[in-house]
Amino acid sequence: MAGYSLPSFSRDPDHLFKYAQLESVKAWLGDPAHAALPLHARIQRAIRQLILGGALDVGKPLPATRTLAKSLGVSRDTVESAYGQLHLEGFIERRVGSGSFVSQRVQRLPGRGAARTRGSTEALRLSQRGSAMFQGGGVRDFLTPRPFAPGVPETRNFPLQTWERLERQVLKDYGTLALLHSPPQGMEPLRRAISDYVNLERGAYATSDRVLVLTSSQQALTLCATVLLDAGDRIFIEDPVYHGARKAFDAAGLECVPVPLDADGMRVEHLRDATQPAKAVFLTPSHQFPTGATLALDRRLAVIEWARQNQAWIIEDDYDSEFHYAGKPTACVQGLDSHERTIYIGTFTKSLFPGLRIGYMVLPSQLVAPMTVARTLLDGHSAPIPQLTLARFIEGGHFGAHVRNMRAVYAERRDVLAHLVRKHLADFVEPRVPAGGMQMPCIFIRDISEGEAVEAARRAGIDLLGLTALHASHEQRGGFLMGFAAHAPAELEIAVKKLAAVLRALSR
């Protein structure tokens, strides 16, 4: 495509393409973003854009196919295919013996000629909820496992051959039935496997008919925010709190009321003593995000009693309870709640791999139907083949074995990271070594800007999550979360030394 000479026809502006128009077509051909398109489609779309943008006016002739093909360095058949498609779509007219011309029909296209400037001249108009979601910035996923990205699991140790074997079994047993829609509540084998698992491992009270299979825990939070509460309703949240929950509640127009924490988790007396009631409370009781605190038993019971008295909902996010490194994790709140006021949220994104995109809720019986119907308005259903494969993965004991293996791996990496932080970052931060989870909070002990530290680390190839934005109160000391699950000890050492250099440069 390189080395074009000025085409002879470009000097006749009233008859054929001008030089700038030809260069526009060349740019389309050479743009890597269009590389997947066939050559004739790139030419066709480039000319169509010239027409829509007003660069080619109604009635103007196009170059002969032979002339344009020579100027672009392509075959005449390629240009002929492009012109043929433009003719079928009504953008050009083809007259025997006269050539091809921009069609009169394009005069009726709304907004023709303004396509290049519309985005910059008209203010973006969104609904209040759309504006809240956009301004909140959404929830950022770490697409590649760069050092210290929180919540990212190790995937290199995943038993992929076992997964592939089980998936082949599913396709063999179900055939083309596995290619159809899943029921919106989820495939029954997976719902049964989930209920058996959470009953055994998390002390839940679940049955398969109370499980709703979803795409993610974030989808579950969005459903809770929109199905259980109205805009303006109050919801108690932990302070600090998981940012994905806060953003889902803000986007739904809820009034988030922060409740402080201590070493035993949320201080639930603030729920009882509040001057204005709330309709729900959001908790991460097994392993509070981001502090790592575990909600004490007496407080769990107090939250359940508060919900019963106020006919409020408890939204329990059990996002990484599989990874406790000293004894078994505590039983979930849902299993203690005999009043059916608790919605239990779980996910396989962290315990298995992010690309699986399967989460779930264990619901009070009266919420199963409304939540399932609401789910149909979001994405309809989850893909059947991964659901059925996961069901067999759990039932065959592979899930439990993988979790036990990764628990040992993550515990070692946590200890390695704690040692490295104390060795190389002791002048800057104090680590808060967690009893579980996949990330370690580190608190600044020097006057360093959290925002500058996070941004400088990002430029150096390191992903940190700042702690300040997770707090409702801005009186908290700055710091960041360091995810340790996705990187081996040697990789952690390299990244910690790089982060030490970043912080050293900022503190000069």
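This section describes the fold, cores, cavities and cysteines of a predicted model.

The protein chain has 508 residues, and buried residues make up 50% of them. Its secondary structure comes to 18 helices and 14 strands. Along the principal axes, the C-alpha atoms fill a box of roughly 90 × 60 × 55 Å. Contacts with a separation of 6 or more were also examined. Of these, 71% join residues 24 or more positions apart.

The largest nonpolar core holds 60 residues. Within this core, F148, F348, L390, L425, M482 and L499 touch the most other members. Helix α16, spanning residues 398-424, gives the core its largest share, with ten residues. A second core is separate and has 38 residues. Its members include C224, I237, W313 and I343.

The surroundings of L499 show how the largest core is connected in sequence terms. Neighbours within four places in sequence are left aside here. L499 is then in contact with F148, L425 and M482, among others. These three residues, like L499, are among those that touch the most other members of the largest core. The other contacts of L499 are A457, I462, L464 and F480.

Helix α18 covers residues 489-506 and contains E491. E491 has 30% relative accessibility and counts as partly exposed. The cut-offs explain this label, because buried means under 20% and exposed means over 50%. With neighbours within four places in sequence left aside, E491 is in contact with R156 and A486. P147 lies 344 residues from E491 along the chain, yet the C-alpha atoms of the two are separated by 8.0 Å.

A search of the whole structure finds one cavity of 30 Å³ or more. The largest cavity holds about 30 Å³ of space. Its lining consists of Y197, R202, D318, S321, E322, Y344, G346, T347 and Y360. By class, three of these residues are nonpolar, three polar and three charged. Two elements, α8 (188-202) and β9 (342-347), each supply at least two lining residues. The largest share comes from β9, with three residues.

The second largest pocket contains about 460 Å³ of space. It is lined by 19 residues. Of these, T291, R432, I443, H471 and Q476 lie nearest the pocket centre. The elements that give two or more residues to this lining are β5 (255-262) and β12 (439-444). Strand β5 makes the largest contribution, three residues. The lining of the second largest pocket has eleven nonpolar, four polar and four charged residues.

The cysteines were examined for pairing. A disulfide is a covalent bond between the sulfur atoms of two cysteines. The structure holds zero disulfides. For C332, the closest cysteine sulfur is in C224, at 15 Å, which is too far for a bond. A disulfide requires the two sulfur atoms to lie within 2.5 Å, so C332 and C224 do not form one. C224 is also one of the members of the second core. C332 is buried, with 0% relative accessibility. C442 is likewise buried, and its relative accessible area is 0%.

Notes
Residues are numbered from 1 along each chain as its sequence is written. This is a predicted model: local features need pLDDT of at least 70, side-chain atom pairs count only at pLDDT 80 or more; totals for chains, interfaces and linings use all residues. Side-chain values use heavy atoms; hydrogens and water are left out. A nonpolar core is a set of buried Ala, Val, Leu, Ile, Met, Phe, Trp, Tyr and Cys residues joined through side-chain atoms within 4.5 Å. Buried means under 20% relative accessible area, exposed over 50%, partly exposed in between (1.4 Å probe, protein chains only). Helices (H or I, at least four residues) and strands (E, at least two) are DSSP runs, numbered from the N terminus. Contact means heavy atoms within 4.5 Å. On a 1 Å grid over the protein atoms alone, a cavity is a set of points where a 1.4 Å probe fits but cannot get out, and a pocket is an open set with protein on both sides within 12 Å along at least five of seven lines; lining residues have an atom within 4 Å of a point. Grid points are joined across faces, edges and corners, and a volume is the space filled by probe spheres set on the points. Ala, Val, Leu, Ile, Met, Phe, Trp, Tyr, Cys and Pro count as nonpolar, Asp, Glu, Lys and Arg as charged, and the others, Gly among them, as polar.
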